[in-house]
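Take a look at the model below. Some short questions on its strands and rings follow.

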Amino acid sequence: MKALHVVVVGHGMVGDRFAEEVRRHDPAGRRVRLTILGAEPGPAYNRLLLPNLLSGAMTEDHFIPNGRGGLPRPNVDLRTGTAALRLDLPRQTVSTAAGHVGYDALVLATGARAWVPPIPGIELPGGERDSTVTALRSLADTRRIGALAQGARRRGGRIAVLGGGVLGVEAARALAARGTAVTVVHRGPHLMERQLDAPAGRVLARAVRRTGVAVELGLGAARWEPGRGLWLADGRLVPAAGLVLCTGTVPDTAIARDAGLKLTESGAVAVDDTLATSDPEVYAIGDCAGHPGAAGGLVQPGWEQAAVLASRLTGAAPAARYLGSGTVTRLKAAGIELTTVGGQEMFAEPGDPELEVLRFEDPARERYAKLVLAGDRVAGAIMIGLPDAAAAIVQLYDRGAPVPADRLAVLLGRALPPEGAAGPAGMPDHSIVCRCNMVTKGQLRTAWHGGAASRAALSAATRAATGCGGCGDDLDAVTAWLTLCDPDQADPAKKEPALR
């Protein structure tokens with residue numbers, strides 16, 4: 001039987017995950033032949049961890065998923081540095097600078113691109129961006145920001161970050177961790193207003209300022225003046241040697257639009273539950289795909305979509321459907337524990353006729369907790385400075401489990417975790433350890449007994465801690481517990497000498 005030729009446009013986190021899932025179902029490449037077109041020159045890497053590279057907590061060597069380094073897989077033609085220029089849907093071809101590539105099925109995994117606000121001074125005459133201005137979307141961007149920050153530190157200057165959403169806060173905190181003076185300029189009334197209500201935003205601003213980051217709220221940027229800094233709408237100047245744009249993203253769908261594929265109001269490629277577009281031979285996954293059950297800007301929906309589509313195209317599960325993903329956001333900023341759960345429900349206020357809302361505020365200690373329930377189930381939550389409560393609430397949300405009757409104990413992290421006892425020993429096997437990849441304790445235990453007897457081996461075998469990195473401590477705890485329970489299975493390189 002002739003292998004189905006699938007062309008993947010995009011070699012980011014989602015496109016690479018799709019290829020990995022295809023080969024998991026079809027290791028020898030007999031059913032599916034893959035051609036992957038990646039615009040960037042190197043292998044795929046984890047964009048979510050770019051702030052960790054900026055802070056110095058990681059090096060570029062950490063950014064190759066599972067340590068593959070772009071090595072070839074059976075019946076996979078990976079073409080890095082090759083941008084797709086045009087789609088010809090009737091002829092089923094993709095045009096590149098090197099020629100045309102035909103396909104039986106096409107997967108768009110082009111992701112999103114940074115939105116650049118129309119602020120005078122950002123772009124030079126002729127359309128080129130000023131060299132002191134950059135977004136934070138790629139390794140190349142991170143290198144540019146690192147160079148700007150190094151120059152600013154050397155001259156006693158600072159970096160301005162435009163945008164106080166998740167990425168803006170993470171970038172500012174990362175720069176401050178390297179000793180760079182930073183100011184966040186955010187036109188919204190408080191930081192992360194898409195994920196936080198106003199009281200939580202105030203607590204976050206206090207925590208961010210405590211780390212040494214200056215914050216300007218409720219003000220737009222008027223213009224960028226290279227060599228001087230960012231002028232605000234009220235006429236004040238934020239002196240800065242460089243400007244980092246964290247002003248949001250838009251789906252990167254120009255090639256789909258030009259081909260005539262149907263787009264959503266947000267500009268994403270419209271897909272159904274099979275991930276098919278308006279052309280039945282073309283599919284879309286990740287941030288470029290518009291599905292009503294997927295929130296943009298999160299990797300988990302894209303990875304879940306990649307798994308569904310790979311199951312369908314390889315024939316492993318032809319009836320598989322993508323029905324949506326839960327929304328959990330974790331801020332990756334050293335010294336600040338912040339987790340949000342759910343969508344608009346988290347903005348409900350006490351007294352809501354349909355939802356039960358509990359709230360606790362302790363701004364002096366940078367703690368805030370809000371729990372929104374629909375019946376006895378978690379519909380939304382905001383947790384700052386309460387990691388134990390956040391972990392338990394995320395488990396309840398993921399499982400759709402009933403919330404214990406003592407709501408206050410849950411809110412403050414004093415209730416027992418679901419099913420009874422704290423720590424890995426008390427976690428049921430279905431408890432989720434890594435949410436990005438939906439890896440459970442049971443899967444980790446199975447992998448351990450299958451020979452993955454170290455933290456690194458567990459991560460490679462299950463993908464745990466290869467997404468946002470927020471579950472690293474949990475993976476460490478499970479690894480330590482497995483080592484204690486089964487020391488003979490432990491990786492000899494990781495074993496400690498026995499006490500006598």
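The questions below concern a predicted model.

Q: Which strands are the edge strands of the open sheet S9-S16-S10-S11-S12?
A: Five strands make up this open sheet, with parallel pairing. An edge strand pairs on one side only. That applies to S9 (133–135) and S12 (213–217).

Q: Which residue of S16 is the bridge partner of valine 133?
A: S9 pairs with S16 (residues 242–245) in the parallel sense. Three bridges connect the two. Valine 133 has as its partner leucine 243.

Q: What angle does the direction of helix H4 make with that of S11?
A: H4 (residues 166–177) packs on the sheet. Its contacts are with S10 (158–162), S11 (181–186) and S12. Relative to S11, the helix direction makes an angle of about 165°.

Q: Are the faces of strand S5 covered or open?
A: In a regular strand, side chains alternate between the two sheet faces. In S5 (residues 93–96), Thr93 and Ser95 lie on one side, and Val94 and Thr96 on the other. These residues are all buried, under 20% relative accessible area. Both faces are therefore covered.

Q: Which residue in S6 stands opposite serine 95?
A: S5 and S6 (residues 99–102) run antiparallel, joined by four bridges. Their hairpin has two residues between the strands. Opposite serine 95 stands histidine 100.

Q: Which residue takes a positive phi in the hairpin of S4 and S5?
A: S4 (residues 86–88) runs antiparallel to S5, with three bridges. Leucine 87 pairs with valine 94. Four residues lie between the strands. The positive phi, near 55°, belongs to glutamine 92.

Note on methods: Residues numbered from 1 in each chain as written. Predicted model: local features only at pLDDT ≥ 70, side-chain atom pairs only at ≥ 80, totals over all residues. Heavy atoms only, no water. Pairing = 2+ DSSP bridges. Contact = heavy atoms within 4.5 Å. Axes fitted to C-alpha atoms, helices over the stretch in contact; angles between N-to-C directions. Buried < 20%, exposed > 50% of the residue type's maximum accessible area, 1.4 Å probe, protein only.
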